[in-house]
Amino acid sequence: MFRLLATDGLARAGELITPHGTISTPVFMPVGTQATIKTLTPEQVAGAGAKMLLSNTYHLHLRPGEDTIAALGGLHRFMNWSGAILTDSGGFQVFSLAELTKVTDAGVSFRSHIDGSLVELTPESVVDIQAKLGSDVMMPLDECTSFPTPRDYAREAMERTVAWAARSRAHRRMRGMGRQECLPHRRDETRAENTINGGADIPVCAQALFGIVQGATYPDLRVECARRLVELDFPGYAIGGLSVGEGPEVMNRMLEVTVPELPADKPRYLMGVGPPDDLLDAIARGVDMFDCVLPTRNGRNGFAFTSTGIIRMKNARHARSTEPLDASCDCPTCRNYERGYLRHLFRAGEILGMALVSLHNIAFFVRLMEDARRAIMTGRFKEFHAEFIQSQTER
Ligand SMILES: [Zn+2]
């Protein structure tokens with residue numbers, strides 16, 4: 001399901017083939033936690049160039065529940081998104097959002113952050129939930145440690161993550177992914193054709209389960225985890241537990257030891273990252289896939305990522321500006337609106353401001369990946385990376 005097309009140093013350009021389209025990599029996935037990219041319609045998100053989204057198993061399991069989503073035709077149809085979807089395992093949310101979390105080798109139990117009810121997740125149930133959601137890529141339950149984590153606990157969590165990965169894989173194989181299971185992938189035929197993939201006929205039963213490398217900030221644990229997961233042979237590998245406060249230097253070091261352990265012919269996905277600098281640093285170290293709430297969360301706060309750096313829309317200096325948000329962007333926000341108006345929307349607390357900047361930010365992240373890909377294909381990624389850092393003067 002992954003084709004490597006070009007390399008430039010360690011940076012890679014490839015294609016991820018999913019039941020909902022062929023995704024050019026490096027790829028950035030906007031985050032639709034509750035089966036929606038906040039403030040935007042799926043049509044707007046697709047219009048900004050995004051071809052793959054991330055949605056959160058933890059949130060959708062709690063509300064509305066995977067059975068409801070399956071009854072409504074699966075996640076794609078439920079949210080009217082014809083592109084690809086990756087669902088995370090819920091592990092990160094369990095450890096960051098839930099209360100009274102209890103971890104045993106069997107799985108995790110916790111109190112829902114919504115209504116306090118007791119919820120249990122096991123490696124097996126997490127696969128079942130995602131099978132019902134019908135995402136294109138699913139993640140196994142893992143234990144994501146916070147930063148800093150003592151070495152002993154980091155090892156324990158890593159061991160559990162590997163054991164859970166093996167159980168997830170075995171369970172997925174045992175229950176099979178027969179045609180019946182995969183029906184939710186299919187969009188209602190009365191809806192528009194899947195334009196992202198040119199309506200090509202792609203087998204619908206190809207939900208891929210990735211492995212997740214943990215090991216906190218300990219290089220030897222990262223290496224060991226990666227090797228043991230590779231032995232289990234997953235169609236893709238995620239690197240989890242980073243960007244949790246360890247800083248870019250440590251994160252880059254972890255990537256430098258982890259990525260070389262992963263097979264060249266499988267996609268590599270850095271979970272929950274990040275700002276543009278971190279994305280390019282990770283691409284330079286051989287990562288192909290990313291997701292992060294930054295473009296939308298910061299967009300709702302009036303922080304715009306632009307070709308000249310971060311612009312704060314609430315800043316008084318934009319009050320009478322007739323400039324577009326980003327002169328070198330052709331997104332609907334930059335084509336149709338001026339900074340003075342956007343600033344007014346933020347000052348007045350209007351939702352449209354949040355939507356317009358979120359839309360621009362997504363377009364910016366998508367274009368950053370496209371530009372990086374083009375640079376890799378033409379053997380000038382290093383120059384592109386340096387030029388980008390130099391261009392970010394506005395802070
Ligand atoms: Zn724009």
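In which sense do β4 and strand β15 pair, and over how many bridges? Keep that question in mind as you look at this predicted model. The two strands pair in the parallel sense, and four bridges link β4 to residues 289-292, which make up β15. You can pick out one of the partnerships by eye: find F28, then look across to F290 in β15, its bridge partner.

Now widen the view to the sheet around this pair. It is an open sheet of five strands with parallel pairing, and its order reads β4-β15-β14-β13-β12. Why is one side of β4 and one side of β12 left without a neighbour in the sheet? These strands, at residues 27-30 and 211-213, stand at the edges and each has a single partner strand, so one side of each stays without a neighbour there. As you follow the sheet across, notice the turn: on average, neighbouring strands are rotated by 25° against each other, direction ignored.

A helix joins the picture here. Helix α9, residues 219-232, lies across β12 and β13, the latter being residues 237-239. Its direction makes an angle of about 165° with β12.

Next, let's visit another sheet. Four strands build this open sheet, again with parallel pairing, in the order β5-β6-β10-β11. Where are its edges? They are β5, at residues 52-56, and β11, at residues 208-209, and each of them pairs on one side only. To see how β11 is attached, look at β10, residues 137-138: these two strands pair in the parallel sense over two bridges. Within that pairing, V137 has A208 of β11 as its bridge partner.

Terms used: Residues are numbered from 1 along each chain as its sequence is written. This is a predicted model: local features need pLDDT of at least 70, side-chain atom pairs count only at pLDDT 80 or more; totals for chains, interfaces and linings use all residues. Side-chain values use heavy atoms; hydrogens and water are left out. Two strands pair if DSSP finds at least two bridges between them. Axes are lines fitted to C-alpha atoms, for helices over the stretch in contact, and angles run from 0 to 180 degrees between N-to-C directions. Contact means heavy atoms within 4.5 Å.
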